[in-house]
Every structure is written in C-alpha cells, then in structure tokens.
Amino acid sequence: QVKLVESGGGLVQAGGSLRLSCAASGSILSIYAMGWYRQAPGKQRELVAKITSGGTANSADSVKGRFTISRDNAKNTVSLQMNSLEPEDTAVYYCNAHVVSKWGLRDYWGQGTQVTVSS
C-alpha cells in the first residue's frame, strides 16, 4: 500500500505565508510527478502546481510568483511554499503523486489539509 500524508495547513491573514508538506510512504518503486491540487467550497478541484522527478515544475497562473513547489526524491516528499496568500487561496489542498509500486502505476491522493486565508 502507498500512503500520502500532508501537513502544514492552517489559518493565516492575507499577505501571510504557509508551507505545506507531503510525504509518500509504502511499497514505492519510483515516483513520477508529484503535485498539489486544491478544492474550494462549491468549486471543482484544480491543479495548483506539479513537479516531475527531474525537477521540472509548472503552476497555475493564479499562483505564479507567489507559490513555489519543490521535492526531495530521496525522501519521497513534496512541499509547497505559499507566500502573499489571498482570501481566494482558501481551499482544501491535496497532495497527489504518480507512483510506481508492485501494483503498477497509480495515482495516489492525500487526505487533504485546510488552508484558510482571512482578509
């Protein structure tokens, strides 16, 4: 089994910063892309940022210049540094990973962590 565990969400004022972290564990052979998605109330889940195993990253236009994604391949972790947070960033943030295990290539999701930005 493969598990993703997120940490780092919380409540912050507009203009503040938070750092989300996600650790993958279990029967992992390799991990391709890792990323962060978010879902605000009444909205669809959307991509925030993702990064390949080689370090190539891309992010949504709405967070460019404010959020930075990084990963540690040796530790199977991915982080999201969020600066200049805005109330519109309020959502549940989910970690995602394309994992190769003995069961093959599958998408895995974390349980989600709440980020609330007050104005």
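This is a short tour of a predicted model, stop by stop, with a selection to make at each one.

**Before starting**

Residues are numbered from 1 along each chain as its sequence is written. Because the model is predicted, local features need pLDDT of at least 70 and side-chain atom pairs count only at pLDDT 80 or more, while totals for chains, interfaces and linings use all residues, and side-chain values use heavy atoms, with hydrogens and water left out.

**Stop 1: the four-stranded sheet**

Select residues 2-7, which are β1, and 67-72, which are β7. Strands here are DSSP runs (E, at least two residues), numbered from the N terminus. β1 and β7 belong to an open sheet of 4 strands, in the order β1-β3-β8-β7, with antiparallel pairing; two strands pair if DSSP finds at least two bridges between them. β1 and β7 are at the edges with a single partner strand each, so one side of each has no neighbour in the sheet. On average, neighbouring strands of this sheet are turned by 15° against each other, direction ignored (axes are lines fitted to C-alpha atoms, and angles run from 0 to 180 degrees between N-to-C directions).

Now add β3 (residues 18-26) and β8 (residues 77-82), which pair in the antiparallel sense over 6 bridges. Which residue of β8 stands opposite Leu20? It is Leu80.

Stay in strand β8 and pick Ser79. Is Ser79 buried or exposed? Ser79 counts as buried, at 11% relative accessibility (buried means under 20% relative accessible area, exposed over 50%, partly exposed in between, with a 1.4 Å probe and protein chains only). Not counting residues up to four places away in sequence, Ser79 touches Arg19, Leu20, Ser21, Trp36, Thr68, Ile69 and Ser70; contact means heavy atoms within 4.5 Å.

**Stop 2: the nonpolar core**

Select Trp36, Val48, Phe67, Val78, Leu80, Met82 and Tyr93. Of the 31 residues in the largest nonpolar core, these touch the most other members. Such a core is a set of buried Ala, Val, Leu, Ile, Met, Phe, Trp, Tyr and Cys residues joined through side-chain atoms within 4.5 Å. Elements giving two or more residues to this core include β5 (46-51) and β11 (113-118). The largest share, 5 residues, comes from β9.

Centre the view on Val48. Leaving aside neighbours within four places in sequence, Val48 is in contact with residues that include Trp36, Phe67, Leu80 and Tyr93.

**Stop 3: two hairpins around β5**

Show β4 and β5, which run antiparallel and are joined by 5 bridges. Arg38 has Glu46 in β5 as its bridge partner. The two strands form a hairpin with 6 residues between them, and Gly42 in the turn has a positive phi of about 80°.

Next add strand β6 (residues 57-59), joined to β5 by 3 bridges in an antiparallel arrangement. Here the bridge partner of Ile51 is Ala57 in β6. This hairpin has 5 residues between its strands, and Gly55 in the turn has a positive phi of about 100°.

In strand β5, select Lys50. Lys50 is partly exposed, with a relative accessible area of 22%. Among its contacts beyond four places in sequence are Tyr37, Asn58, Ile69 and His98. For a distance check, take the C-alpha atoms of Lys50 and Phe67: they are separated by 11 Å, with the residues 17 apart along the chain.

**Stop 4: the aromatic pair and Arg45**

The structure holds 1 aromatic pair. Select Tyr37 and Trp109: their ring centres are 5.0 Å apart and their planes at 65°, so the pair is edge-to-face. Rings of Phe, Tyr and Trp (its six-membered ring) pair if their centres lie within 6.5 Å; planes under 30 degrees apart count as stacked, over 60 as edge-to-face and the rest as tilted. Tyr37 is in strand β4 (residues 28-39) and Trp109 in strand β10 (residues 104-109), 72 residues apart. Tyr37 is buried, at 18% relative accessible area, whereas Trp109 counts as partly exposed at 36%.

Add Arg45, which lies over the face of Trp109 at 4.7 Å from the ring centre. The charged end of Arg45 also sits over the ring of Tyr94, 3.7 Å from its centre (NZ of Lys or CZ of Arg within 6 Å of the ring centre and within 35 degrees of the ring normal).

Finish with strand β9 (residues 91-101), which runs antiparallel to β10 and is joined to it by 6 bridges. The two form a hairpin with 2 residues between them, and Asn96 has Trp109 as its bridge partner.
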